[in-house]
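Visitor: Please take a close look at how one helix of this protein packs against its partners, and then lead me from there to the rest of the fold. I am a first-year student, so please explain each term when it comes up.

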Amino acid sequence: PVKPLEANFTGGLLEPGPQHPDRQEAAVLDKVKLSEDGTDKGPLAGRLIGIKDNICTTDLPTTCASGILSTFTSPYDATVVQRLRASGAIIAGKTNLDEFGMGSHSLNSHFGPVQQENGVSAGGSSGGSALAVATGQCWAALGTDTGGSVRLPAAYTDTVGFKPSYGLLSRWGVVAYANSLDTVGILASSVSAARIIFSALNAHDPQDPTSLTPSTRRNITALSSRQRSSPLRIGVPLEYNPTTLSPTIRASWLSALAHLQTHHSATLHPISLPTTPLALSAYYILAPAEASSNLAKYDGVRYGTRASGSDAADGVLFSKTRGQGFGEEVQRRILLGAYSLSSEAIENYFLQAQRVRRLVQRDFDRAFAAGNVLHSDDIGKEDADSEDEGVDVIVCPTAPSLPPKVAEVRRQSAVEGYLNDVFTVPASLAGLPACSVPWEVEEGKVTGIQVMGQFGNDELVFDVASLLE
Ligand code: GLN
């Protein structure tokens with residue numbers, strides 16, 4: 001069902017696409033699945049897909065929910081958008097977000113906030129995509145996940161949110177926030193729908209220098225076909241159970257684990273990911289550092305809407321354009337990033353955070369049975385058959401609490417907002433695949449449960465996520 005689209009920014013969609021059925025009344029979705037000659041139009045034929053507004057489309061503006069790009073329309077489609085169209089999908093529209101992907105509640109938007117009907121946060125930064133799926137405005141949606149921006153909104157809106165291994169899905173035409181962490185993710189109402197989209201998008205893209213090469217992809221396929229234990233071994237990370245964890249979330253986690261054990265004969269294994277407590281701080285150094293560098297190009301000369309009345313002669317062109325064009329949170333990140341990259345701070349902040357990132361990756365490599373295809377020494381690790389052979393996947397909560405009310409979030413400091421990402425950033429720092437699935441803990445209370453896998457083990461993550469549906 002497609003709801004009427006008013007100019008309703010809180011509802012997720014910023015602007016419907018020209019092909020959207022609301023604009024072309026005659027479109028009957030079942031009919032568009034086949035061409036007139038009866039040939040199949042692709043696995044996503046007639047499916048309405050929402051696109052987060054930091055992913056380029058030629059037929060709609062791409063604003064990143066920022067004043068500085070409020071008038072920008074891309075001359076080309078992002079590769080992921082091209083692939084969706086080639087699979088028969090219809091672009092439903094662009095979805096609202098936190099400006100440039102920076103935020104956890106989709107409140108930092110130039111076009112106004114996203115929020116659920118009951119005044120509850122839709123999560124961020126892909127909150128518009130999540131809400132558009134949750135309210136049936138589209139079949140599925142693309143988001144981006146740098147530190148949790150697909151998984152957190154999924155957990156808050158009872159949808160499925162999938163973040164792929166870093167480098168699997170093309171980022172060509174996706175506006176960069178923090179390049180070493182950015183991924184294109186998928187929001188859908190079922191694991192199987194997310195998986196169909198993943199398959200349509202999962203291909204090497206020569207236009208994206210970080211896209212995994214065909215040979216790495218072959219290694220991934222070869223490894224993952226050998227990488228399944230029977231019974232399934234599930235890791236339960238002790239560091240994800242702090243005393244501050246909401247009791248509802250803990251109860252939900254336990255019940256999801258019990259389900260996997262009882263109904264799917266999985267075995268549960270306590271594991272330790274000791275660097276977890278440092279991961280959030282490292283992320284909030286690294287992501288702003290990369291962001292400050294990426295956003296330097298929006299100066300009103302080469303990129304970005306120039307502030308009115310300013311020209312180079314008055315000496316304030318850059319500061320006026322950037323002061324007016326960027327919102328408060330983006331300005332905060334630029335300052336943070338510029339500071340941590342400065343000569344006086346780089347050793348204590350940026351380089352230290354890079355070291356923490358390596359430790360986070362090492363923690364995961366030690367926990368998983370499967371080797372990491374990115375480290376060639378690890379290939380073959382899965383053949384070891386000792387008692388502590390490692391786990392197949394890790395299952396943990398997506399968020400430390402139930403979704404808060406927007407009014408409550410507005411009273412919080414920026415740093416309190418960052419704490420929501422505590423369980424999602426570790427997989428981002430390590431580039432791992434992770435999927436948040438809704439799990440009903442008690443009547444009417446649904447939380448997000450996160451399944452994380454070794455790098456390249458995206459299919460296994462989907463398999464285990466589907467056991468929780
Ligand atoms: N909330 C995190 C941040 O603000 C994650 C954002 C994202 O994944 N795009 O950086």
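Guide: When two helices pack, the angle between them counts as roughly parallel under 35 degrees, roughly antiparallel over 145, roughly perpendicular from 65 to 115, and oblique for the rest. Such angles run from 0 to 180 degrees between N-to-C directions, and the axes are lines fitted to C-alpha atoms, for helices over the stretch in contact. What you see is a predicted model, in which local features need pLDDT of at least 70 and side-chain atom pairs count only at pLDDT 80 or more, while totals for chains, interfaces and linings use all residues. Residues are numbered from 1 along each chain as its sequence is written.

The helix to look at is α7, and the first partner to consider is helix α9, residues 328-340, which packs with α7 at an angle of about 100 degrees, the two axes being 7 Å apart. With that angle, α7 and α9 are therefore roughly perpendicular to each other. On the α7 side the contact (C-beta atoms, placed from the backbone, within 7 Å) is made by I285, P288, A289, A291 and S292, and these meet R333, I334, L336, G337, A338 and S340 in α9. Sorted by class, this contact of α7 with α9 holds seven nonpolar, three polar and one charged residues; here Ala, Val, Leu, Ile, Met, Phe, Trp, Tyr, Cys and Pro count as nonpolar, Asp, Glu, Lys and Arg as charged, and the others, Gly among them, as polar.

A further partner is helix α10, residues 347-367, whose axis comes within 9 Å of that of α7, residues 276-294, and the two cross at roughly 125 degrees. These two helices, α7 and α10, are therefore oblique to each other. From α7 the contact takes L278, A279, A282, I285, L286 and A289, and from α10 it takes Y349, F350, A353, V356, R357 and V360. The classes in the contact of α7 with α10 come to eleven nonpolar, no polar and one charged residues. Notice that I285 and A289 of α7 appear here, and that both were also listed in the contact with α9.

Moving to another pair, helix α4 (residues 191-201) and helix α14 (residues 458-467) have axes that come within 10 Å and cross at roughly 165 degrees. That angle makes α4 roughly antiparallel to α14. In this pair V191, S192, R195 and F198 of α4 meet D458, F462, A465 and S466 of α14, and the residues of the contact divide into four nonpolar, two polar and two charged.

The same helix α4 leads us to α1, since the buried residues of α1 pack against α4 as well as against the strands β2 (48-52), β3 (90-95), β4 (140-145) and β6 (183-188). Those buried residues of α1, which spans residues 79-86, are T79, V80, V81, R83 and L84, where buried means 20 or more other C-beta atoms within 10 Å of a residue's own, exposed means 12 or fewer, and partly exposed lies in between. Just after α1 comes G88, which takes a positive phi of about 95 degrees.

Helix α2, residues 127-134, is mostly covered, with eight of its eight residues buried; among them are L131 and V133. After α2 follows G136, with a positive phi near 75 degrees.

The loop between β3 and α2 deserves its own look, as it contains S125, and the peptide bond that joins G124 to S125 is cis, with omega near 10 degrees. In the loop between β3 and α2 you also find S106, which has a positive phi of about 55 degrees although it is not a glycine. S106 is buried, with 35 other C-beta atoms within 10 Å. A65, in the loop between β2 and α1, likewise is not a glycine but has a positive phi of about 55 degrees. A65 counts as buried because it has 32 C-beta neighbours inside 10 Å.

Stepping back, the protein has 14 helices and eleven strands, which are DSSP runs numbered from the N terminus (helices H or I, at least four residues; strands E, at least two). Of its 469 residues, 52% count as buried, and among contacts with a separation of 6 or more, 73% link residues 24 or more positions apart.

Note on methods:
Two residues are in contact if their C-beta atoms, placed from the backbone, lie within 7 Å.
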